[in-house]
Amino acid sequence: MRIDILTLFPKMFEGFISESIIKRAIEKGLVEINLINIRDFTLLKNGQVDDTPYGGGSGMVLMCEPVVRAIESVKTSESKVYLMSPQGKIFNDSLAETIYNNTKHLILVCGHYEGFDERINAFVDGEISIGDYVLTGGEIPAMAITDSLTRFIPGVIDAESFQNDSFKGNLLDYPVYTKPREFRGLKVPDILLSGDHKKIDEYRKSEQLRVTKEKRPDLIK
Ligand SMILES: C[S@@+](CC[C@H](N)C(=O)[O-])C[C@H]1O[C@@H](n2cnc3c(N)ncnc32)[C@H](O)[C@@H]1O
């Protein structure tokens with residue numbers, strides 16, 4: 001999968017692409033992540049990419065020209081383009097799966113300041129939000145979406161652990177424990193030390209149900 005991220009602040013992604021699982025996925029060629037600086041596409045002097053809003057009001061608005069030119073520099077017939085926006089469709093596991101299954105080339109456009117000139121919407125496939133709160137920019141949402149989609153790619157994480165992850169089959173993951181067997185009086189459930197894998201599987205399934213009912217009853221319809 002190829003993901004192009006259009007941003008005014010590509011340096012914000014340095015740690016994201018150079019550490020841990022995402023780094024390994026890039027190195028193995030499982031995902032290609034490109035960072036495109038929107039500022040490189042302005043036709044104005046001094047790298048100007050934003051201006052004051054028509055009608056007055058506070059803040060600066062991202063201009064059409066540099067954003068649309070940046071999109072057009074990478075867009076192909078296989079691309080899906082989404083603006084990062086608190087007004088967009090809420091990103092969740094189900095939307096992640098839909099995008100993963102239907103997209104070879106994803107373009108995520110990060111806004112900043114007051115957001116995008118409304119007319120940019122005419123050049124994209126939609127808007128995505130990572131939740132009902134407002135961030136200073138679209139960079140963290142683009143990282144969250146890229147990270148989540150990368151986990152879908154076979155070989156990025158262990159297939160069994162992916163299958164049991166929270167939200168698969170509308171259930172949360174079961175609780176996990178590691179050494180030591182006892183920590184400050186809190187013990188690992190005996191069944192997990194029994195070596196009986198059939199019973200452990202049954203126990204974990206029942207724990208998935210219990211935990212989901214407790215923490216996210218809305219997932220169980
Ligand atoms: C300060 S926000 C602009 C908010 C805009 N004035 C509004 O209230 O709808 C600047 C940029 O951050 C990004 N952003 C902020 N919150 C977001 C969220 N919850 N999900 C996705 N992107 C977000 C968007 O790219 C947005 O253009």
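Which of the 20 residues around the ligand come nearest?

**View 1. The ligand and its shell in the predicted model.** Met84, Gly111, Gly115, Gly138 and Pro141 come nearest, out of 20 residues around the ligand. Strand β5, residues 79-90, gives the largest share of this shell. Its contribution is four residues. Sorted by class, the shell holds nine nonpolar residues and 10 polar ones. One residue around the ligand is charged.

**View 2. The whole chain and its two domains.** Domain 1 covers residues 2-150. Domain 2 covers residues 159-219. Their centres, taken over C-alpha atoms, lie 36 Å apart. The chain's secondary structure comes to seven helices and nine strands. The radius of gyration is 22 Å, well over the 17 Å that the globule rule gives for 221 residues, so the chain is more spread out than a compact globule. The C-alpha trace spans about 70 × 40 × 35 Å along its principal axes. Of the 221 residues, 22% are buried. Among contacts with a separation of 6 or more, 77% join residues 24 or more positions apart.

**View 3. The largest nonpolar core.** This core has 31 residues. Which of them touch the most other members? They are Leu6, Val67, Leu108 and Val109. Several elements each supply at least two core residues. The strands among them are β1 (2-7), β4 (61-62), β5 and β6 (105-109). The helices are α3 (64-74) and α5 (139-150). Strand β5 also gives the ligand shell its largest share.

**View 4. Close-up of Leu6.** Leu6 is one of the core residues that touch the most other members. Which residues does Leu6 contact, leaving aside its neighbours within four places in sequence? Ile36 and Ile38 are in contact with Leu6. So are Ala70 and Ile71. Ile107, Val109 and Cys110 complete the list. Val109 is itself named with Leu6 among the core residues that touch the most other members.

**View 5. Met12 in the loop between β1 and α1.** Helix α1 spans residues 14-17. Is Met12 buried or partly exposed? Met12 has 17 other C-beta atoms within 10 Å. A buried residue needs 20 or more, and an exposed one has 12 or fewer. Met12 is therefore partly exposed. Ala142 lies 130 residues from Met12 along the chain. The C-alpha atoms of Met12 and Ala142 are separated by 11 Å.

**View 6. Two backbone features in the loop between α6 and β8.** Helix α6 spans residues 159-164, and strand β8 spans residues 182-183. Asn170 is found in this loop. The phi of Asn170 is near 60°, a positive value in a residue other than glycine. Asn170 is partly exposed, with 14 other C-beta atoms within 10 Å. Pro180 lies in the loop as well. Which kind of peptide bond joins Lys179 and Pro180? The bond is cis, with omega about 5°.

**View 7. Arg184 in the loop between β8 and β9.** Strand β9 spans residues 186-187. Arg184 is not a glycine, yet its phi is positive, at about 50°. Why does Arg184 count as exposed? Arg184 has 5 C-beta neighbours inside 10 Å. The limit for an exposed residue is 12 or fewer, so Arg184 falls in that class.

Conventions: Residues numbered from 1 in each chain as written. Predicted model: local features only at pLDDT ≥ 70, side-chain atom pairs only at ≥ 80, totals over all residues. Near = placed C-beta within 6 Å. Nonpolar A, V, L, I, M, F, W, Y, C, P; charged D, E, K, R; others polar. Domains from an automatic or database assignment. Rg over C-alpha atoms; globule rule 2.2 N^0.38 Å. Contact = placed C-beta atoms within 7 Å. Core = buried A, V, L, I, M, F, W, Y, C linked by C-beta atoms within 7 Å.
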